[in-house]
Amino acid sequence: MKHLKLWYVGVVCFFFIVKVNAQETEPVLARARYQFIHVNDTANRDHPKEEEMVLYAGINRSFFTSNAEEEINRQMEEQVANPSFDGNINLVSKGSSTNESFYFVSNTRALKRIYRLMQNQYILDEPYPQLDWKINDDTLTIGGYNCQKATVSFKGRTYTAWFSPELPFSFGPWKLHGLPGLILDVADSKKEVVFHFVGFEKLDHVNLQIGTTTDYIEINQEALDRLLKVFKENRQTFMDVQGQGGRSNAANVISGLPKKRMHLVQ
């Protein structure tokens, strides 16, 4: 774990989950947490990447992202609210977080991917996954919820998922969706991509909305690839260009795209 010590001067973070009323959003009704295990080096299976992820779900919308940002914000809020707070914040980081998040709108069959690169967050349209689930009669209890088994082939892997009809959300981790109940646990046949259930809670008592903010820069995959290439080959050039004209200038100059941001949360 990494311990970070900061001087608190006031921090406001805007993500997909916002405490405001807005057009093109809908209320968050529930939150599910998963332990993500990914064997990204098959020659080193004993040391997979592990990270806690979180899924926010509404009726037609969901947002799947790393839980690291939320954990940092929770630590900050707790320390600032403490009567003995002296201006110093000690943050405990469990490692680097995943750079990608996914935003589903099921009733319009839309999927957007958000890629975080330093202080910028880029948003891309993704093909909406058409998943041909095969549901069988096998059952399992996970976290106290009765679950049913389903399998699907997707992106070269065969996944086995356990979903709960008791939780009426058609979403799940990553791009896996479309079952008649929330996916609580899922893994591919080689156990290289695994999402284990950690917890579930209803959030219909709090004023949270799912939607995008003006902080996201719209981009396409080709432009993002060029941006990442420059970032990996010459990080200083990337930072210099980014600093010449604000948050989106690196995307404009390096990727050749006009400045265009999402504006769904007002």
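**Figure 1. Lys112 and its salt bridge to Asp125 in the predicted model**. In this predicted model, Lys112 has a relative accessible area of 18%, and because buried means under 20%, Lys112 counts as buried. Its partner Asp125, by contrast, is exposed, with a relative accessible area of 56%. Lys112 and Asp125 form a salt bridge in which the closest N and O atoms are 2.4 Å apart. The pair links distant parts of the chain, since Lys112 belongs to strand E9 and Asp125 to strand E10, 13 residues apart. Helix H2, made of residues 221-233, lies across E9 (110-117) and E10, and runs at about 15° to E9.

**Figure 2. The open sheet and its edge at strand E17**. An open sheet is formed by 12 strands, in the order E11-E12-E13-E14-E15-E4-E5-E6-E8-E9-E10-E17, and the pairing within this sheet is mixed. Strand E11 (134-142) and strand E17 (216-218) are the edge strands, each of which pairs on one side only. On average, and with direction ignored, neighbouring strands of this sheet are turned by 25° against each other. At the E17 edge, strand E10 (residues 120-126) and E17 run parallel and are joined by three bridges. Within this part of the sheet, Gln121 stands opposite Tyr216 in E17.

**Figure 3. Strands E4, E5 and E6, with Arg61**. Strand E4 (residues 30-38) pairs with strand E5 (residues 49-57) in the antiparallel sense over nine bridges, and Arg31 has Tyr56 in E5 as its bridge partner. E5 also pairs in the antiparallel sense with strand E6 (residues 61-66), here over five bridges, and the bridge partner of Leu55 is Phe64 in E6. With three residues between them, E5 and E6 form a hairpin. In a regular strand, the side chains alternate between the two faces of the sheet. Arg61 has its place in strand E6, and Arg61 is buried at a relative accessible area of 12%. When neighbours within four places in sequence are left aside, the residues in contact with Arg61 include Glu24, Thr25 and Glu26, as well as Tyr56, Tyr103, Phe104, Val105, Phe171 and Ile210.

**Figure 4. Glu192 and the salt-bridge network around it**. Glu192 lies in the loop between strand E14 (182-188) and strand E15 (193-202), where its relative accessible area of 6% makes it buried. The side chains of Glu192 and Arg45 meet in a salt bridge, with a distance of 2.6 Å from N to O. This pair links distant parts of the chain, because Arg45 sits in the loop between E4 and E5 while Glu192 sits in the loop between E14 and E15, 147 residues apart. Unlike the buried Glu192, Arg45 is partly exposed, with a relative accessible area of 41%. A polar contact of 2.9 Å joins the side chain of Glu192 to that of Arg157. Apart from its neighbours within four places in sequence, Glu192 is in contact with several residues, among them Ile37, His38, Val39 and Thr42.**Figure 5. Lys175 and Glu126, followed by the shared-partner network**. Lys175 and Glu126 form a salt bridge whose closest N and O atoms are 2.6 Å apart. Here too the pair links distant parts of the chain, with Lys175 in the loop between E13 and E14 and Glu126 in strand E10, 49 residues apart. Both Lys175 and Glu126 are buried. Elsewhere, salt bridges that share partners join Arg45, Arg157, Asp188 and Glu192 into one network. In total, the structure holds 15 salt bridges.

**Figure 6. Aromatic pairs and an aromatic cluster**. Nine aromatic pairs are found when the whole structure is searched. In one of them, the ring centres of Phe104 and Tyr128 are 5.7 Å apart and the ring planes stand at 80°, so this pair is edge-to-face. Phe104 lies in strand E8 (residues 100-105) and Tyr128 in the loop between E10 and E11, so the pair ties together parts that are 24 residues apart in sequence. Phe104 is buried at 2% relative accessibility, and Tyr128 is buried at 15%. Phe169 and Phe200 form a tilted aromatic pair, with 6.4 Å from centre to centre and 50° between the planes. Because Phe169 lies in the loop between strand E13 (157-164) and E14, and Phe200 in strand E15, this pair ties together parts that are 31 residues apart in sequence. Phe169 is buried, with a relative accessible area of 10%, and Phe200 is buried as well, with 17%. One aromatic cluster is formed by Tyr34, Phe36, Phe64 and Phe195.

Conventions: Residues are numbered from 1 along each chain as its sequence is written. This is a predicted model: local features need pLDDT of at least 70, side-chain atom pairs count only at pLDDT 80 or more; totals for chains, interfaces and linings use all residues. Side-chain values use heavy atoms; hydrogens and water are left out. Two strands pair if DSSP finds at least two bridges between them. Helices (H or I, at least four residues) and strands (E, at least two) are DSSP runs, numbered from the N terminus. Axes are lines fitted to C-alpha atoms, for helices over the stretch in contact, and angles run from 0 to 180 degrees between N-to-C directions. Contact means heavy atoms within 4.5 Å. Buried means under 20% relative accessible area, exposed over 50%, partly exposed in between (1.4 Å probe, protein chains only). A polar contact is a pair of N or O atoms within 3.5 Å; within protein, one must be able to donate a hydrogen and the other to accept it, and residues adjacent in sequence count only if both atoms are side-chain atoms. Rings of Phe, Tyr and Trp (its six-membered ring) pair if their centres lie within 6.5 Å; planes under 30 degrees apart count as stacked, over 60 as edge-to-face and the rest as tilted. A salt bridge is a side-chain nitrogen of Lys or Arg within 4 Å of a carboxyl oxygen of Asp or Glu.
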